[in-house]
Amino acid sequence: MTARIERVVTSGVFSLDGQDFDVENNVWLVGDDHDVVVIDAAHDPAAILAAVGERRLSAIICTHGHNDHIDAAPQVAEAKGAPIMLHQGDEVLWRMIYPGTRADEDLGDEQVIEIAATPLRVLHTPGHSPGSVWLYAPALGTVFSGDTLFHCGS
């Protein structure tokens with residue numbers, strides 16, 4: 001079966017430098033009817049888990065470590081027994097939200113994560129944060145850029 005992309009939009013708060021902002025985030029699921037990865041588990045673990053359903057969750061991949069992209073990750077990971085993956089450049093951001101812990105696996109530049117026979121290539125793209133990454137899925141004609149690129153943003 002060919003991999004497909006699904007989107008869940010969640011709402012929550014982004015906190016930076018002592019300020020809070022109401023935001024909406026895209027949570028992406030890539031996979032098939034059996035296996036899936038979640039990209040950027042934001043805000044609403046129940047909505048993310050409902051989208052995953054009975055499929056096996058292979059990993060939660062964080063494009064970066066800002067709270068609005070990782071705040072549902074531990075709950076979703078615990079519910080499905082999936083590892084959380086984050087570039088080590090954003091480990092300090094992770095520890096600001098989850099002191100004394102770390103993501104389960106480091107993401108490396110040019111690493112390939114395969115889901116439903118579809119490769120996702122990790123590209124380290126520091127700028128928005130030190131550990132920002134893109135996930136390039138040429139077979140799907142898609143790049144998941146986190147907040148490195150986004151509509152009406154900087």
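Before I turn to the strands, one definition: two strands are said to pair if DSSP finds at least two bridges between them. With that in hand, and bearing in mind that what you see above is a predicted model, we can take strands E2 and E3, which pair in the antiparallel sense over four bridges. The connection between E2 and E3 is a hairpin of three residues, and among the bridges is one in which Gly 31 has Val 36 of E3 as its partner.

Let me stay with E3 for a moment, since Val 36 appears again on its other side. Strand E3 covers residues 35-39 and is mostly covered, four of its five residues being buried. E3 and E4 run parallel and are joined by five bridges, and here the bridge partner of Val 36 is Leu 57 in E4.

Now we can step back to the sheet to which these strands belong. It is an open sheet of six strands with mixed pairing, and its order is E1-E2-E3-E4-E5-E6. At the edges we find strand E1, residues 4-16, and strand E6, residues 105-107, each of which pairs on one side only. On average, and with direction ignored, neighbouring strands of this sheet are turned by 25 degrees against each other. Edge strand E1 pairs with E2, residues 19-31, in the antiparallel sense over 13 bridges, and within that pairing Ser 11 stands opposite Glu 24 in E2.

Next, the helices. Helix H3, residues 73-80, comes with its axis within 9 Å of the axis of helix H1, residues 45-52, and the two cross at roughly 40 degrees. H1 and H3 are therefore oblique to each other, and the crossing in which H1 passes H3 is right-handed. As for the residues that make this contact, H1 contributes Pro 45, Ile 48, Leu 49 and Val 52, while H3 contributes Gln 75, Val 76, Ala 79 and Lys 80. Sorted by class, the residues in the contact of H1 with H3 are six nonpolar, one polar and one charged. H3 also lies across two strands of the sheet, E4 (56-61) and E5 (84-87), and it runs at about 155 degrees to E4.

There is another sheet to describe. Four strands in the order E7-E8-E9-E10 form an open sheet with antiparallel pairing, and its edge strands are E7, residues 112-115, and E10, residues 142-144, each pairing on one side only. Neighbouring strands are turned by 25 degrees against each other on average, again with direction ignored. E7 pairs with E8, residues 118-124, in the antiparallel sense over four bridges, and for Val 112 the bridge partner in E8 is Arg 121.

I would like to finish with a single residue, Ala 3, which is found in the segment before E1. Is Ala 3 buried or exposed? Its relative accessible area is 7%, and because buried means under 20%, Ala 3 counts as buried. Which residues does Ala 3 touch, once those up to four places away in sequence are not counted? They are Gly 31, Ile 115, Ala 116, Thr 118 and Leu 140. Of these, Gly 31 is the residue we met earlier as the bridge partner of Val 36 in E3. Finally, Ala 3 and Asp 35 are 32 residues apart along the chain, and their C-alpha atoms are separated by 9.1 Å.

Technical notes
Residues numbered from 1 in each chain as written. Predicted model: local features only at pLDDT ≥ 70, side-chain atom pairs only at ≥ 80, totals over all residues. Heavy atoms only, no water. Axes fitted to C-alpha atoms, helices over the stretch in contact; angles between N-to-C directions. Parallel < 35°, antiparallel > 145°, perpendicular 65-115°, else oblique. Left-handed = near helix turned anticlockwise from the far one by under 90°. Contact = heavy atoms within 4.5 Å. Nonpolar A, V, L, I, M, F, W, Y, C, P; charged D, E, K, R; others polar. Buried < 20%, exposed > 50% of the residue type's maximum accessible area, 1.4 Å probe, protein only.
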